[in-house]
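This briefing is meant to be read alongside the sequence and the model. It takes up the fold, the chain contacts and a few local environments in turn.

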Amino acid sequence: MTAGAEPIQPALPPRPQTPPARARIRRSPISWIRDGGLSRLAFLLPLLLIFAAFSWYPIVRLVLISFQHTNEITTTWVGFQNFSEVLNDPLFPIAVKNTLEFAGLALLFGYPIPLVAAVLMSEVRKRRGLYAALAYLPVVIPPVVAVLLWKTFYDGGPGGVFNTILGWVGIAPQSWIQSTSQAMPSLVLESTWANAGGTIIIYLAALTSVSPELYEAASVDGAGLWKKIWHVTLPQMRTVLLVTMILQIIGTAQVFLEPYLFTSGGPDNATLTVLLLIYNYAFGNSLGAAYGQAAALSLMLVGFLAAFSLIYLRATRSWSDE
Amino acid sequence: MSAIQDWQGRRRRGAMTESQQGLVQSADWKRPSVRWGLGGTQTALLVLLVIVGLGPILWLAKAAVTPTQDTLSNPMAIFPHGADWSNISGAWNEVDIGLYIWNTVVIAFGSWLCQIVVATTGAFALSVLAPKWGRVITAALLTTLFVPSVVLLVPLYLEVVHPPVIHHSFINSYWAVWLPAGASAFNVIIMKRFFDNLPREIFEAARIDGAGPFRLFVSIVLPMSKPILGVVSIFAVLASWKDFLWPLLVLSDPSKQPVSVRLPTIAGQTDLGVFLAAMLIACLVPIVGFLIFQRSFLRGTGLSGALKG
């Protein structure tokens, strides 16, 4: 057993027996064990146990709970009652509208900024690492700290950080997260700040895989800088761009931390999102937890996201892998 | 992956070689209009990145040692009435921030260990040992990628409160955070892809030399997988450090909570200066970790993007 030191040595045959993988002819328990079945099972066991307990079983249970009324002790089957209760909840359309607003604004702010920054950074010739590190820094700050810090920045009084800065250029103090109209854009602004760095790094990696010959060819054909970006850079990055877009939409559809910590869904439900509503059904209700409704709404969210992803992939397929 | 290595390579060679060909070619760089236009844009970008990326953290560092009254009345002034170091000791003694950071470390370590054990053994079994029903398991893993973890909060919570088989609640136990962290299909998939690309001849040679699956795993596969182990580890620790909602639900005992769960609770009842000092301490660990492992962080993020793409 000198395998540890020099495993690559071409230990030429004599092969004592055929490799075990090909020796499966009879299917008796003994041959299964001899075949290495036990060790295969032993290696798979942690994965199977953990995923069964904390992934596969909860997925099944989610579907079951959505058709039940349960209060941790007794459980009754109620058919589609949870779903109809959620759909008839006056907060449901508000939460859907707010979530769409968050996702839309996040796309508007958060999608072009990392792309522009990454294209500019990819042309930096000195200290590119510094650029990347600065852009990535907000990503490593714990999100809770980031939100609480920005909550201080958003202080609505004239002495708030942002209001002081606005005061320098003569703009009156804004009420930020305390106003129904400004609360959502304020949340999106913080979220964009916190997440753009990761996308920039992904784009930087994708930009280096654009082959220099293409740029050279474009130059020979007389293309200027903008034409090169439009006809070479963006088409070469389209797969990555499409993937980051769907990932961002899926991520923002599940926004929870910002509305929960900044505003608790207020003011006047202006930042109540779908996930915050799920949380309120299950854990935020002093009258007793409505697990069934929370599960029903969770299931609807998963169903919507899965359907959206499929349509998105189908619609963009021809464009992404031509 | 080659793209990232390429980027790293180009970065390392940096400005030394003139052969670097990008969007703007070396010949173009010599033209004054390009040099000034692009150089100016890049300098502006750097200034912007410093303000946006570093600014909030610098402000936090300044406010953490500024008297609360100064921060409230004039937040952008730099030490108008001197520094107030008592905020830091207040955060340490009154808020007991050290305890919560230690809790975070304990939670992150356990979650990391669980993720690494599940991902390495599982990926090794699926990739190298290749059982007959491996495809079924891989498919079941891929399916879970389509179910965002947050929607499983309710069933997971009920399971932790009233576990089947074991009739003992796991609320306020770290196992309730450690074990579910292991169920990350993403980890298993990237680990399996890495193992799939290891040369099979080595495994074959080791088998002929008499190495069993366990020996193969410990002496050959794991030592060859250091890069991917590093990436998965960084993401495991970072994700655990960032996690908020799940620890909030299952760790109701304040003395067991991680720092991100504790901070919002104390926000309203703590002096602002002390609170900001506590927040600064809370983000020092990840920032220092990032500065040390910067290259792995950035490569890992690029890699995850390349894999998703």
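Of the 322 residues in chain A of this predicted model, 38% count as buried. The secondary structure of chain A consists of 15 helices and two strands. When contacts in chain A between residues at least 6 apart in sequence are considered, 63% of them join residues at least 24 apart.

**Contact between chains A and B**

- On the side of chain A, 93 residues are in contact with chain B, where 100 residues take part.
- The element of chain A that gives the most to the side touching chain B is helix H2, spanning residues 37-65, which supplies 16 residues.
- By residue class, the side of chain A that touches chain B comprises 65 nonpolar, 18 polar and ten charged residues.

**Helix H8 of chain B**

- Helix H8 of chain B, residues 153-161, is largely enclosed by the rest of the structure, because seven of its nine residues are buried.
- The buried residues of H8(B) are Leu153(B), Val154(B), Pro155(B), Leu156(B) and Tyr157(B), together with Leu158(B) and Val160(B).

**Glu123 of chain A**

- Glu123(A) lies in the loop that runs between helix H5 (112-122) and helix H6 (128-140) of chain A.
- Glu123(A) counts as partly exposed because it has 18 C-beta neighbours inside 10 Å, whereas a residue needs 20 or more to be buried.
- Between the C-alpha atoms of Glu123(A) and Ile278(A), which are 155 residues apart along the chain, the separation is 45 Å.

Terms used: Residues numbered from 1 in each chain as written. Chains lettered and ligands numbered in written order. Predicted model: local features only at pLDDT ≥ 70, side-chain atom pairs only at ≥ 80, totals over all residues. Contact = placed C-beta atoms within 7 Å. Helix = DSSP H or I, 4+ residues; strand = E, 2+ residues; numbered from the N terminus. Nonpolar A, V, L, I, M, F, W, Y, C, P; charged D, E, K, R; others polar. Buried ≥ 20, exposed ≤ 12 C-beta atoms within 10 Å, placed from the backbone.
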